[in-house]
Every structure is written in C-alpha cells, then in structure tokens.
Amino acid sequence: EHPSLTFSHELAMKLDPPQASPVRRLTNWIVRIAAGFALLLVGFGAGWVFQSKTADVAATGDSKEAAHVKNVLAFEQMNSTSASERIEAVNRSYQIGQADRDITQLLINTLNLDPNVNVRLAACQALTHFASETEVKEALIQSLAIQTDPNIQISLIEALVTIREKRAVEQFRQLAENHEVLDVVRLKATEGAQRLGSDV
C-alpha cells in the first residue's frame with residue numbers, strides 16, 4: 001500500500017516547514033509592541049480618570065464636612081447648640097483633608113470663647129492637628145496667657161511641647177512663676193520650658 005498524496009504532503013510539511021520571511025517576523029513584532037503600548041495607554045487613562053473622580057468625591061466630602069463644622073461652631077450659634085454638638089463638630093474637623101483659614105479661626109475662637117471646658121479641650125486638640133499653620137501656633141501661645149482653667153492650661157502646654165514651639169518657653173516660665181496658678185500647672189510649665197529649652 002502507498003500513502004495518499006494528502007498524507008505525503010502533510011508529512012513533508014512537518015519535516016520541512018516553510019520558513020517565515022523576515023518581513024513577516026518584523027510585522028509580528030511591530031503588532032505586539034503596538035498592542036503593548038495601547039494597553040499601557042488604556043491603563044494610564046483609566047487610572048487618571050479614576051484618580052480624578054476620587055479627588056472630586058473627596059473634595060465634595062471635605063466641603064460638606066467643612067460646611068457642617070462652620071455652621072455649628074459659628075459664634076452666633078454658640079447659644080443655640082449643645083456642648084456635645086460642638087464637640088462633635090470639632091472632632092469632624094479632623095476628617096477635613098485641608099482645613100481652610102475659616103475653620104482654624106473658628107477652632108481658635110472655640111478654644112478661647114466657648115463656655116464649656118470640654119469643648120475648649122476638644123478645640124485645643126484639634127488645633128494641634130493643624131499646627132503646621134503659623135497662625136495656629138501663635139493662637140495656642142496667646143491662649144495660654146488668657147486661659148484660667150487648669151485642664152486647658154495643661155492641655156495647651158502639652159500641645160505646644162508636642163509641636164516643639166520654642167516661642168512658648170517664655171510663656172511657660174511666666175506661668176511657672178505665677179503663684180496664683182495651681183502647683184500642677186506650674187510644674188507642667190516648668191517641665192515644658194525645660195524640654196523646649198533643651199531642644200535649642
């Protein structure tokens with residue numbers, strides 16, 4: 001028996017396959033490179049769109065949080081809101097990515113003027129969160145000169161030591177020498193002055 005012509009042809013093709021021309025090989029590589037670039041462009045484009053949408057959502061969330069904080073902590077609202085509402089508003093200021101000057105000023109006013117000690121303590125802690133702003137550091141130093149509640153005084157001393165505000169050393173020394181101030185506050189002021197003085 002002799003193999004069929006089809007079998008002989010297939011066997012010959014397997015034993016000696018036709019060689020691809022260099023042009024065809026180059027074309028294959030160009031197609032693959034182009035497909036890779038296309039995938040990269042699609043990936044970068046999708047990432048950019050996703051990032052811009054995420055930033056828009058975050059900005060919208062920030063603006064809502066900021067509006068709520070401003071509404072509750074406004075000076076004219078102080079008598080119509082409860083202390084717990086004001087503390088909640090102060091705590092919500094932490095969720096704002098970048099607090100504007102209005103919010104930091106409201107927190108400073110709350111620290112100095114709110115009738116409730118707990119609200120003032122919350123405002124002091126929140127201002128420490130935004131202590132990178134120059135006016136906040138200055139406000140913390142000035143507030144230490146007018147606060148009379150020992151809890152607020154100690155909280156301010158700790159905040160100023162935490163942010164390493166060396167300009168507060170003189171205020172600490174004055175507080176430590178004031179015999180009308182509680183001993184625990186004077187001791188804390190002395191420690192704060194020593195710690196900031198050792199950083200010089």
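## Arg86 and its neighbours

Arg86 touches Val72, Leu73, Met78, Thr81, Asp114, Pro115, Asn116 and Val119, leaving aside residues up to four places away in sequence; a contact here means heavy atoms within 4.5 Å. This arginine lies in helix 3, where helices are DSSP runs of H or I with at least four residues, numbered from the N terminus. Because its relative accessibility is 5%, Arg86 counts as buried (buried is under 20% relative accessible area, exposed over 50%, partly exposed in between, with a 1.4 Å probe and protein chains only). Its side chain reaches the backbone oxygen of Thr81 at 2.7 Å.

## How far to trust the model

This is a predicted model, in which local features need pLDDT of at least 70 and side-chain atom pairs count only at pLDDT 80 or more, while totals for chains, interfaces and linings use all residues. Residues are numbered from 1 along each chain as its sequence is written, and side-chain values use heavy atoms, with hydrogens and water left out.

The mean pLDDT of the protein chain (the predictor's confidence in each residue, from 0 to 100) is 78, and 75% of residues reach 70 or more. Among the elements, helix 7 has the highest mean, 92, and helix 1 (residues 5-15) the lowest, 61. Over residues 55-61 pLDDT stays under 50, and the model has 0 contacts there beyond four places in sequence. Where pLDDT is low, the predicted coordinates should not be read in detail.

## Helix 5 and helix 6

Let's turn to two helices. Helix 5 (residues 117-129) has 13 residues, so at 1.5 Å a residue it should span 18 Å, and its end C-alpha atoms, 19 Å apart, agree; the expected span is 1.5 Å times one less than the number of residues. Asn116 caps its N-terminal end, with a side-chain oxygen 2.8 Å from the backbone nitrogen of Asn118. Buried residues of helix 5 include Val119, Leu121 and Cys124, and the buried residues of this helix pack against helix 3, helix 4, helix 6 and helix 7.

In helix 6, Val136, Ala139, Leu140, Ile141, Ser143 and Leu144 are buried. The buried residues of helix 6 pack against helix 4, helix 5, helix 7 and helix 8.

## The nonpolar core

The largest nonpolar core (buried Ala, Val, Leu, Ile, Met, Phe, Trp, Tyr and Cys residues joined through side-chain atoms within 4.5 Å) has 43 residues, and Leu160 is among those with the most contacts inside it. Helix 7 gives the largest share of this core, 7 residues. Beyond four places in sequence, Leu160 touches residues including Leu140, Leu144, Phe172 and Leu196.

Note on methods. Polar contact = N/O pair within 3.5 Å; in protein donor to acceptor, adjacent residues only side chain to side chain.
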